[in-house]
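Here are some short exercises to work through with the model open beside you. Try each task before reading its solution.

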Amino acid sequence: LNYITGVTAVSFGANTVALVAILPGTILYVFLGASAGSLADSASSGSNSVVRIVSIVVGIVFGILGIAVTSYYAKKELNKVIARRQEETQNDTENQELLQSVAL
């Protein structure tokens, strides 16, 4: 992925933001994998550790919540960018029409 962004027009800042933005999902997947292994070990050893299971469930809930919040704010910012671009396009169209009417 980094090699591909190196040969495209993606700026360093945009690439850095994208790499930081994928961290919550990456952390959640790592936590889920570690939790699944921990639960499998608990089941095979026969110990019924309620604290361990509760901490795993709480971690999963907070991980999913973190991804949901990140997705919400990312969508909100994307909608702002789209609205700004549409406004700029509309202003450009109006300016061109005004110039054409003045030129006539």
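**Exercise 1.** Classify Glu77 as buried, partly exposed or exposed, and then find the partner of its side chain in a salt bridge.

*Solution.* Start with the accessibility, remembering that this is a predicted model. The relative accessible area of Glu77 is 43%. Buried requires a value under 20% and exposed one over 50%, so Glu77 is partly exposed. Next, look for the partner: the side chain of Glu77 meets that of Lys80 in a salt bridge, with 3.4 Å from N to O. The cut-off for such a pair is 4 Å, and by this rule the count comes to one salt bridge. Finally, check the partner's own exposure: Lys80 has 44% relative accessibility, so Lys80 too counts as partly exposed.

**Exercise 2.** Where do Glu77 and Lys80 lie, and how many residues apart are they?

*Solution.* Both residues belong to helix H4. They are three residues apart, which is about one turn of the helix.

**Exercise 3.** Describe the geometry of the aromatic pair in this model.

*Solution.* First, count: the rule yields one aromatic pair. Tyr72 and Tyr73 form this pair, with 5.1 Å from centre to centre and 75° between the planes. Planes over 60 degrees apart count as edge-to-face, so the Tyr72 and Tyr73 pair is edge-to-face. As a last step, consider exposure: Tyr73 reaches 47% relative accessibility and therefore counts as partly exposed.

**Exercise 4.** Which residues form the nonpolar patch on the surface?

*Solution.* The members are Val50, Val54, Val58, Phe62, Leu65, Val69, Tyr72 and Tyr73. Together they have about 780 Å² of accessible area. Take Val69 as a worked case: this residue is found in helix H4, which covers residues 50-103. Members of a patch need over 30% relative accessible area. Val69 has 39% relative accessibility, so Val69 counts as partly exposed.

**Exercise 5.** Place Val10 in the chain and list its contacts beyond four places in sequence.

*Solution.* Val10 sits in the loop between helix H1 (2-6) and helix H2 (12-21). With neighbours within four places left aside, Val10 is in contact with Thr5 and Asn15. Its relative accessibility is 41%, so Val10 counts as partly exposed.

**Exercise 6.** How many helices and strands does the chain have, and what share of its residues is buried?

*Solution.* Count the elements: there are four helices and zero strands, in the pattern α-α-α-α along the sequence. Then turn to burial: of the 104 residues, 8% are buried. The chain exposes about 8500 Å², of which carbon and sulfur atoms supply 67%.

Key:
Residues numbered from 1 in each chain as written. Predicted model: local features only at pLDDT ≥ 70, side-chain atom pairs only at ≥ 80, totals over all residues. Heavy atoms only, no water. Helix = DSSP H or I, 4+ residues; strand = E, 2+ residues; numbered from the N terminus. Buried < 20%, exposed > 50% of the residue type's maximum accessible area, 1.4 Å probe, protein only. Areas by Shrake-Rupley, 256 points an atom, 1.4 Å probe, with all protein chains shown as cover. Phe/Tyr/Trp six-rings, centres within 6.5 Å; stacked < 30°, edge-to-face > 60°. Contact = heavy atoms within 4.5 Å. Patch = residues over 30% accessible without salt bridge, like charges linked within 9 Å, V, L, I, M, F, W, Y side chains within 5 Å.
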